Every structure is written in structure tokens, then in C-alpha cells.
Amino acid sequence: GLQQVDELKSAPRDSETTPFNGGSLSIEGLRLSYGQMEVLRGIDLSVPKGSVTCIIGPSGSGKSTLLRSLNRLVEMNAGSVLLDGVDIATMKPEKLRSKVGMVFQHFNLFPDHTARDNIMLSLTKIKGMRRGKARAIADARLADVGLQGRGDHRPANLSGGQQQRVAIARALAMDPEVVLFDEVTSALDPELVKGVLDLMADLGRRGMTMVVVTHEMGFARQVADQIVFMDEGKIVESGTPEQMFTAPRTDRLKKFFAEVL
Ligand code: ADP
Ligand code: MG
């Protein structure tokens, strides 16, 4: 709720000494169809370096598809996406996915591997890193997300919130330019939501470029630099949290807020 995230921007944090050097995204004319159905119908969006962009909108409006197109888990039909000025269509998918990390609602951790191994696997398989170095990075990122000492735990022996923090640590371990978050707190028990939102707010303060699909309006209002409202495959309205929450311009956004707030 709104109250619980009031302190997000001022919460103490122990990892603030490590700033990120995030990248920018520039999306132009992005269109994407599944078969005959066009689900992204011309998206233009600029995501500045080091900013937090929250994407809100009703179910089925294309939010997940937009995120997935940004690291080419689905291929767009038209338009372009530039990552730090480089067209992602020219990048190898593995390279792109190490630069544009993604965290999902259902964590997607390997259940038979420990937290540490889940992180090390990406580093050794995708980046070709030696195990010793990968292990050191995995432990450092686990500490960053407040899970020092939990490296030997398997996902089943961690809470949902802890599992999600492992997934975030895994994305960070790749040293990404941008991290995409798709409703990462939606599957968590209510009491575990705040810890994950606090962590995400911390990453934003440290300069990570983040694109966050969320139903947490309090988080969007407190943490976002810009909010994007999508409906039916289009960006209907975007602006600062202040603009969007205090003076929505379109009837569709007013109606959406009336339903979710
Ligand atoms: P949101 O994340 O905003 O709920 P999605 O991007 O998941 O929206 O979905 C947008 C539209 O695309 C919906 O109508 C959904 O049913 C459809 N869709 C999503 N994924 C697929 C897919 N893999 N194949 C066909 N249709 C899909
Ligand atoms: Mg979705």
C-alpha cells in the first residue's frame, strides 16, 4: 500500500557505496504481433541512463510483451530499440541479455541448485567466467541483496522474498546496463513485498537504469522518475509521478486509478 512505501526513498541501506553505471534505452515505433493480433501498436519511449521508469496499465495491455521485446525474448515486427545508442537487433541475444537483465514474477531459479550456484551458472555459462571469480561475484551480490550467508541454500529453503532477491542478485551479477522487472512482487506473500520493493528502490538510488512493470502504485509514485500508462498496446499517457497521480489527463488513466487506488 501507499503508507508502507512512504519511507522507501529515505530507508537506510548498506550497499549505497557501490554506484551503478546504467545505460539508456531509446524505443521508437515498436510494433509487435502474435499471429494476427497486434499487441504493441507503435511504442515510443525514452529511458534515460540511471532512471527508474514504471509501466502501469490493465492486464493484457502489452506491458510484459514490451519488456520481453527489450531483450529479444520476443522479436518485434517493426521499429527500433537502441541500448546506449546501439540497435539491439545487431547484438547477439546472449550479449544483449547480459546487458539487459530481467527479473520475473516467478523468480525462474533452478530448484536443484543453491542460491550461489544459480548466480554462478549465468556467469560461467554466459560470460565464460572462471568458477573462482564467479563465486566471489555471486557472494558479493548475495551480500548486496541482504543474503550473506545464504549462498548454500536451495530455493525451496528460502522464502519467496529471499528467492526473488536471489533472482535480482543474479541479474545484477551480470553487470547489466538496464534491469527489467516484470511484476516481481505479485506472487509474494504481502509481508515479503516491502523487502523486495526496498531493495529495488535502493538499486534505483544507486543509479541502475530500471524499467519496472508494477501494480504497486505506492512504489511507482515514490520511486519512479517517469511513469508510463499503457492500454491496448499503446502508451496512453506518461509523465512524472507528480503529474500522473495529481493531474491525470486522460479518462482512461483516471478510470484505471479509480480501479486500483
Ligand atoms: P500485460 O503484461 O500487460 O498483462 P501481455 O504483454 O502479457 O500484457 O499481453 C498482451 C496481449 O498479448 C494479451 O492479449 C495476451 O493475451 C497476448 N499474448 C501475450 N503473450 C502471448 C503469446 N505468447 N502468444 C499469443 N498471445 C500472447
Ligand atoms: Mg504482464
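**Figure 1. Phe-107, a buried residue in a loop.** With 22 other C-beta atoms within 10 Å, Phe-107 is buried. Like everything shown in these figures, this view comes from a predicted model. Look for Phe-107 in the loop that runs between strand 6 (100–103) and helix 3 (115–125). Its backbone is worth a pause too: phi of Phe-107 is near 65 degrees, a positive value in a residue other than glycine.

**Figure 2. Glu-232, in the loop between strand 9 and strand 10.** Here is another residue other than glycine with a positive phi, this time near 50 degrees at Glu-232. The loop that holds Glu-232 joins strand 9 (226–231) to strand 10 (234–239). Is Glu-232 buried or partly exposed? Glu-232 counts as partly exposed, because it has 14 C-beta neighbours inside 10 Å, and a residue needs 20 or more to be called buried.

**Figure 3. The residues around ligand 1.** Start at Tyr-34 and Val-39, then follow the chain to Gly-57, Ser-59, Gly-60, Ser-61, Gly-62, Lys-63, Ser-64 and Thr-65: these residues surround ligand 1. Sorted by class, the shell has seven polar residues, two nonpolar ones and one charged one. Which element gives the most to this shell? That is helix 1 (residues 63–70), with three residues.

**Figure 4. Helix 1 and its cover.** Helix 1 lies across strand 1, strand 2 and strand 4 (78–83), and its direction makes an angle of about 65 degrees with strand 2. The helix is mostly covered, with seven of its eight residues buried. Those buried residues are Lys-63, Ser-64, Thr-65, Leu-66, Leu-67, Ser-69 and Leu-70. Lys-63, Ser-64 and Thr-65 may look familiar, as they are also among the residues around ligand 1. Just beyond the end of helix 1, keep an eye out for Arg-72, which takes a positive phi of about 60 degrees.

**Figure 5. The open sheet of four strands.** Read across this sheet and the strand order is 2-1-4-5, with antiparallel pairing. Strand 2 (37–47) and strand 5 (86–87) each have a single partner strand, so one side of each is left without a neighbour in the sheet. Within the sheet, strand 1 (residues 25–34) runs antiparallel to strand 2, and eight bridges join them.

**Figure 6. The hairpin of strand 1 and strand 2.** Two residues lie between the strands of this hairpin, and Gly-35 in the turn has a positive phi of about 60 degrees. Two pairs make handy landmarks here. Tyr-34 stands opposite Met-37 in strand 2, while Leu-32 has Leu-40 as its bridge partner in that strand. Tyr-34 is also one of the residues around ligand 1, which links this view to Figure 3.

**Figure 7. The open sheet of six strands.** The order in this sheet is 6-7-8-3-9-10, and the pairing is mixed. Strand 6 and strand 10 are the edge strands, each pairing on one side only. From one strand to the next, the twist averages 20 degrees. For an example of parallel pairing, find strand 7 (residues 178–182) and strand 8 (residues 209–213), which are paired over five bridges. Phe-181 marks a good place to begin, with Val-212 in strand 8 as its bridge partner. Helix 5 (residues 160–173) lies across strand 6 and strand 7, and runs at about 175 degrees to strand 6.

**Figure 8. Ala-187 and the residues it touches.** Ala-187 has its place in the loop between strand 7 and helix 6 (190–205). With 14 C-beta neighbours inside 10 Å, Ala-187 counts as partly exposed. Leaving aside residues up to four places away in sequence, Ala-187 touches Gln-105, His-106 and Gly-160. To get a sense of scale, compare Ala-115: it is 72 residues from Ala-187 along the chain, and their C-alpha atoms are separated by 19 Å.

**Figure 9. Stepping back to the chain.** Nine helices and 10 strands make up the count of elements in the chain. The radius of gyration is 18 Å, close to the 18 Å that the globule rule gives for 261 residues, so the chain is as compact as a globular protein of that length. Along the principal axes, the C-alpha atoms fill a box of roughly 55 × 45 × 30 Å. Of the 261 residues, 46% are buried. Among contacts with a separation of 6 or more, 70% are between residues 24 or more positions apart.

Note on methods: Residues are numbered from 1 along each chain as its sequence is written. Chains are lettered from A and ligands numbered from 1 in the order in which they are written. This is a predicted model: local features need pLDDT of at least 70, side-chain atom pairs count only at pLDDT 80 or more; totals for chains, interfaces and linings use all residues. A residue is near a molecule or strand if its C-beta atom, placed from the backbone, lies within 6 Å of it. Ala, Val, Leu, Ile, Met, Phe, Trp, Tyr, Cys and Pro count as nonpolar, Asp, Glu, Lys and Arg as charged, and the others, Gly among them, as polar. A residue is buried if 20 or more other C-beta atoms lie within 10 Å of its own, exposed if 12 or fewer, and partly exposed in between; C-beta atoms are placed from the backbone. Two strands pair if DSSP finds at least two bridges between them. Two residues are in contact if their C-beta atoms, placed from the backbone, lie within 7 Å. Axes are lines fitted to C-alpha atoms, for helices over the stretch in contact, and angles run from 0 to 180 degrees between N-to-C directions. The radius of gyration is taken over C-alpha atoms; the globule rule is 2.2 Å times the number of residues to the power 0.38.
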